[in-house]
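I wanted a short record of what can be looked up in this structure, one entry per topic. My notes follow in the order in which I took them.

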Amino acid sequence: MSGTITSGTVIETASGGGRGNQTTYYYSFSGTFLGTLTVSGQARAITGVTSQVVTPATSPLGTGSLSNGTTIVNADYEPLYITDTYNYRIVRMDNIAGNNWAALGTYGSGTNQLKLPWGIAVDASGKIYVTDAGSCRVVQMDDITGKNWTALGHCGSGGHQFNNPTGLHVDSAGKIYVADTGNNRIVEMSDIAGDNWTVFGAQGSGTGQFSQPGGIAVDTAGRIYIGDSGNCRIVRIDNMNGLNRTALGGSGSGTNQFSTALR
């Protein structure tokens, strides 16, 4: 952890002295700070307060050691991750001011290359996932340097294949959900190896059907939400079997209506 004290107060007290006896000095500090906390290689901005007590000293304003204290840290903000689609790259920055801007990607379909990156997600360990729509694949990397770059998928409609994948979600258990837009379906898999590959959906506007699904998200109960772009609606299902399907929307600009793109 590193940071900067933004404000604080030092209190000095003393005891003893007189008639040639030694004076003992006591110092305590309380203040606020902001900085960065790095855990498992992933940095996040923090704010906090700290109170510290210095071991009693025999000279005023000298050096000493901390004897005890408390520090409370609060997450100030998480890093921002963005797919810069037509620059064929992804971007990480600490905040909306663009601090610690870092980018990865050039045009192509090789390692550290992207061809229309679209969806992006970060799991609990800080790994980054990207749907690379132009290359019909999903990419996973440890961090914004591209470390341990791993890709799954190529163009098609079979197992471990995608057609213009866009929306992306990674849940707390590490399951990966993809809106396989051009195949009019959604995909769930346990990991970037494609284990337990499961698909749901087909072309159409009825139950269990989608038209160019673009966005996908999963809530804490495991329910799946899909932006069914071509049908101008959002759909919720309990699981990849389509249980308890609920849909809302229609084409238009009024209440409970949408127009084309639902991301």
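Entry: Phe200 and Phe210.
I looked up Phe200 first in this predicted model. Phe200 has a relative accessible area of 15%, and I count it as buried because the cut-off is under 20%. Its partner Phe210 is buried too, at 1%. I then checked the two rings. The centres of Phe200 and Phe210 are 6.1 Å apart and the planes stand at 75°, so I entered the pair as edge-to-face. Phe200 belongs to strand E19 (residues 198–200), while Phe210 sits in the loop between E19 and strand E20 (213–218). The two are ten residues apart, and the pair links distant parts of the chain.

Entry: the other aromatic rings.
How many aromatic pairs does a search of the whole structure find? I noted three. One of them is Tyr88 with Tyr107, which is edge-to-face, with 4.7 Å from centre to centre and 75° between the planes. Tyr88 is in the loop between strand E5 (80–84) and strand E6 (89–93), and Tyr107 is in strand E8 (residues 106–107), so this pair ties together parts 19 residues apart in sequence. I also looked up the accessibility of Tyr88: the relative accessible area is 26%, which I recorded as partly exposed.

Entry: cysteines.
I counted one disulfide. It joins Cys136 to Cys155, with 2.0 Å from S to S. The link of Cys136 and Cys155 is right-handed, with 80° about the S-S bond. Where are its two ends? I placed Cys136 in the loop between strand E11 (128–132) and strand E12 (137–141), and Cys155 in strand E14 (residues 154–155); the pair therefore ties together parts 19 residues apart in sequence. Cys136 is buried at 4% relative accessible area. I also looked up Cys232, which is buried at 8% relative accessibility.

Entry: nonpolar cores.
The largest nonpolar core has 13 residues. Those with the most contacts inside it are Val138, Phe162, Leu168, Ile176, Val178 and Met189. I noted which elements give two or more residues to this core: strand E16 (165–170), strand E17 (176–180) and strand E18 (185–189). A second, separate core has twelve residues, including Ala179, Val218, Ile226 and Met240.
I then listed what Ile176 touches, leaving out residues up to four places away in sequence. The contacts are Tyr129, Leu168, His169, Val170, Val187, Glu188, Met189, Asp191 and Ile192.

Entry: strands E16 and E17.
Is E16 mostly covered or open? I found it mostly covered, as six of its six residues are buried. E16 and E17 run antiparallel and are joined by four bridges. His169 has Tyr177 in E17 as its bridge partner. The hairpin of E16 and E17 has five residues between the strands, and there Gly174 takes a positive phi near 90°.

Entry: strands E20 and E21.
Five of the six residues of E20 are buried, so I noted this strand as largely enclosed by the rest of the structure. E20 pairs with strand E21 (residues 224–228) over five bridges, in the antiparallel sense. I found Val218 opposite Ile224 in E21. Between the strands of the E20 and E21 hairpin lie five residues, and Gly222 takes a positive phi near 90° in this hairpin.

Entry: salt bridges.
Side chains of opposite charge can pair when their charged atoms come close. A search of the whole structure finds six salt bridges, and I wrote down some of them.
Among them is Arg223 with Asp219, at 2.9 Å from N to O. Arg223 is partly exposed, with a relative accessible area of 30%, and Asp219 is also partly exposed, at 21%.
Arg185 meets Asp180 in another, at 2.7 Å from N to O. Are the residues of this bridge buried or exposed? I have Arg185 and Asp180 both as buried.
I also entered Asp94 with Arg92, whose closest N and O atoms are 3.1 Å apart. Asp94 and Arg92 are both buried.

Notes:
Residues numbered from 1 in each chain as written. Predicted model: local features only at pLDDT ≥ 70, side-chain atom pairs only at ≥ 80, totals over all residues. Heavy atoms only, no water. Disulfide = S-S within 2.5 Å. Buried < 20%, exposed > 50% of the residue type's maximum accessible area, 1.4 Å probe, protein only. Phe/Tyr/Trp six-rings, centres within 6.5 Å; stacked < 30°, edge-to-face > 60°. Core = buried A, V, L, I, M, F, W, Y, C linked by side-chain atoms within 4.5 Å. Contact = heavy atoms within 4.5 Å. Salt bridge = Lys/Arg side-chain N within 4 Å of Asp/Glu carboxyl O. Pairing = 2+ DSSP bridges.
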